[in-house]
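New to this one? Here is a quick briefing to read alongside the sequence and the model.

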Amino acid sequence: MKELNIDSTPLSERIAGTIRDYILKGRIKQGERLTEPRLSKLLGISRTPIREALRILEMEGFVEIIPRRGAVVTDVTDKDVDEIFILKVKLESLAAKLAAEHLTNEDIAELEDLNARMEKFADAKNVSILIKLNSEFHNLIISKCENNRLTKFLEALLRQFKRATAYSFTEAGRIQRVIEEHREIIESFKKRDSEMAEELMAKHIQNGWQFIKSRVSAEVI
Amino acid sequence: MSRDGILESKPLRERIADRLRSDIVKGVYADGERLVEPKLAEMLGISRTPIREALRQLENEGFVEIVPRKGAVVKKLTLKDIDDLYAIKANLEGLAARQATENITDKDIEKLKKINEKFYKISSGKTNIIEEYLKCNLDFHNMFVVLSKNDKLIEILKGLDKNVQRLKFILVSKSDRVEEAKKEHDEIIKVFATKDPDLAEETVKWHIENGWEYLRSKLKKRY
């Protein structure tokens, strides 16, 4: 439990972070069962926050909670990744196109700040923080598309997607490119160029897709 | 809660939502009409809790609005609703068409042709066949949506269509777009025969955008 820093994050979220790291690093394998008593013993904490942590991981798509079996680490198959990504390419680029008209200068400054923070953590390869900052970057854009339905769809997709996204932040080369692509997207927002924002976002997500695909197929099959 | 119960059938909440949704789509309830929980509970002979849950689901789907101190009211359709829905629909159905080019067979194309003929025939016949007309149009679109073989995409488009059908039921009172829609369907069929993914995506997107414009003009006339 040494990884858990004393901060304001709720215990359940910190536990979720630890388990997520284990899954990403392969210390907990796909298909493995995560029972509450076992985790409770492993982490030295009571079962209630563990149950909450598993629910967080379920929302993020890392585990699936099966009645009477408990939480099982999900498999990421090629087909899943393909289905999620192709939808993301279409929907998130649409969101970026719409957001280009609604993002305020403060929002754009916030995007720059988030990207600068990602750069700071890039060397340390702090996966959890990078996942978080990256989601904040993307969520800010999505929240400004002003199309509630689109936002809801993307939120649902992102929950399943996080599982796959995590791979992008385990390799220095891809992290650097993510930051550069974010920078280009920010530029298109500054110019209020919706078409370009749409195109760049589509490319950004497609690049992530290609990268994750190479990683996932190497590991799963 | 017993596990068998869940496996056996849809949850009560969903069945109530289905019923209310179809009533809203058919226009049983007017725009802005209140959906009063106790009244619905009495009418359907069930407790209020699942009704409240069903109303919340319908709020999520965009059919009702929960207004403080008024409860659930049927959501009025606005130009923004049409724009929001169709921006997504155009993109995703275009994508479905693109993916369908990988799976579509000659047999499927024949079937599309038949559905399109039927679609045209229905509208040139008797009066008040709008329900059938819309259903036939839906059959045409569903053909290639399903052929995308992308389960998540199919699920999202199904959800969207519940709302689109409501729009159409309210706004489309006659089949005055049928000539154009039929021709556009013909174009789509032609493109599927070539199996060109870019062209299929573009053509379907164009077709949806035309429908979008049509509904916008209908709504502007209505309010």
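To judge the length of a helix, take its number of residues, subtract one and multiply by 1.5 Å: that gives the expected span. Keep in mind that what you see is a predicted model. With that said, let's start with one helix, then widen the view to chain B, the cores and a few single residues.

**Helix H4 of chain B**

- H4(B) covers residues 48–61, and because each residue should add 1.5 Å, its 14 residues ought to span 20 Å; the C-alpha atoms at its ends are indeed 20 Å apart, so the two values agree.
- Which residues of H4(B) are buried? They are Pro50(B), Ile51(B), Ala54(B), Leu55(B), Gln57(B), Leu58(B) and Glu61(B).
- Those buried residues take up an arc of only 160 degrees around the axis, so they sit on the same side of H4(B).
- Right after the helix comes Gly62(B), with a positive phi near 90 degrees.

**Chain B as a whole**

- Chain B has 10 helices and three strands.
- Reading from the N terminus, you meet its elements in the order α-α-β-α-α-β-β-α-α-α-α-α-α.
- Measure out a box along the principal axes and the C-alpha atoms of chain B fill roughly 55 × 45 × 30 Å.
- The chain has 223 residues, and 48% of them count as buried.
- Take the contacts in chain B between residues at least 6 apart in sequence: 76% of these join residues at least 24 apart.
- About 12000 Å² of chain B is exposed, with carbon and sulfur atoms supplying 51% of that area.

**Nonpolar cores**

- The largest nonpolar core contains 121 residues.
- The residues with the most contacts inside this core come from both chains: Ile19(A), Leu34(A), Ile141(A) and Phe189(A), along with Tyr86(B), Leu92(B) and Phe192(B).
- What does Ile141(A) touch, once residues up to four places away in sequence are set aside? Its partners are Ala96(A), Ala99(A), Leu111(A), Ile185(A), Phe189(A) and Met201(A).
- There is also a second, separate core of 17 residues, and Ile51(B), Leu55(B), Leu58(B) and Val74(B) are among its members.

**Two residues in helix H10 of chain B**

- His207(B) lies in H10, which runs over residues 197–222 of chain B.
- With a relative accessibility of 4%, His207(B) falls under the 20% cut-off and so counts as buried.
- Beyond its neighbours within four places in sequence, His207(B) is in contact with His141(B), Arg177(B), Ala181(B), Glu184(B), His185(B) and Ile188(B).
- Glu201(B) is in H10 of chain B too, and it is buried because its relative accessibility is 9%.
- Again leaving out neighbours within four places, Glu201(B) is in contact with Lys90(A) from the other chain, plus Gly94(B), Leu95(B), Ala97(B) and Arg98(B).

**Ser12 of chain A**

- Ser12(A) belongs to helix H1 of chain A, residues 11–24.
- Is Ser12(A) buried or exposed? Its relative accessible area is 11%, so it is buried.
- Apart from residues up to four places away in sequence, Ser12(A) touches Pro49(A), Glu52(A), Ala53(A) and Ile56(A).
- Ser12(A) and Arg149(A) are 137 residues apart in sequence, and their C-alpha atoms are 30 Å apart in space.

**Cysteines**

- How many disulfides are there over all chains? The count comes to zero.
- Cys145(A) is buried, as its relative accessibility is 2%.
- Cys136(B) has a relative accessible area of 3%, so it is buried as well.

Note on methods:
Residues are numbered from 1 along each chain as its sequence is written. Chains are lettered from A and ligands numbered from 1 in the order in which they are written. This is a predicted model: local features need pLDDT of at least 70, side-chain atom pairs count only at pLDDT 80 or more; totals for chains, interfaces and linings use all residues. Side-chain values use heavy atoms; hydrogens and water are left out. A nonpolar core is a set of buried Ala, Val, Leu, Ile, Met, Phe, Trp, Tyr and Cys residues joined through side-chain atoms within 4.5 Å. Buried means under 20% relative accessible area, exposed over 50%, partly exposed in between (1.4 Å probe, protein chains only). Contact means heavy atoms within 4.5 Å. Helices (H or I, at least four residues) and strands (E, at least two) are DSSP runs, numbered from the N terminus. The arc is that of the directions from the helix axis to the C-beta atoms. Accessible areas come from the Shrake-Rupley method with a 1.4 Å probe; for residues, only the protein chains shown count as cover. A disulfide is a pair of cysteine sulfur atoms within 2.5 Å.
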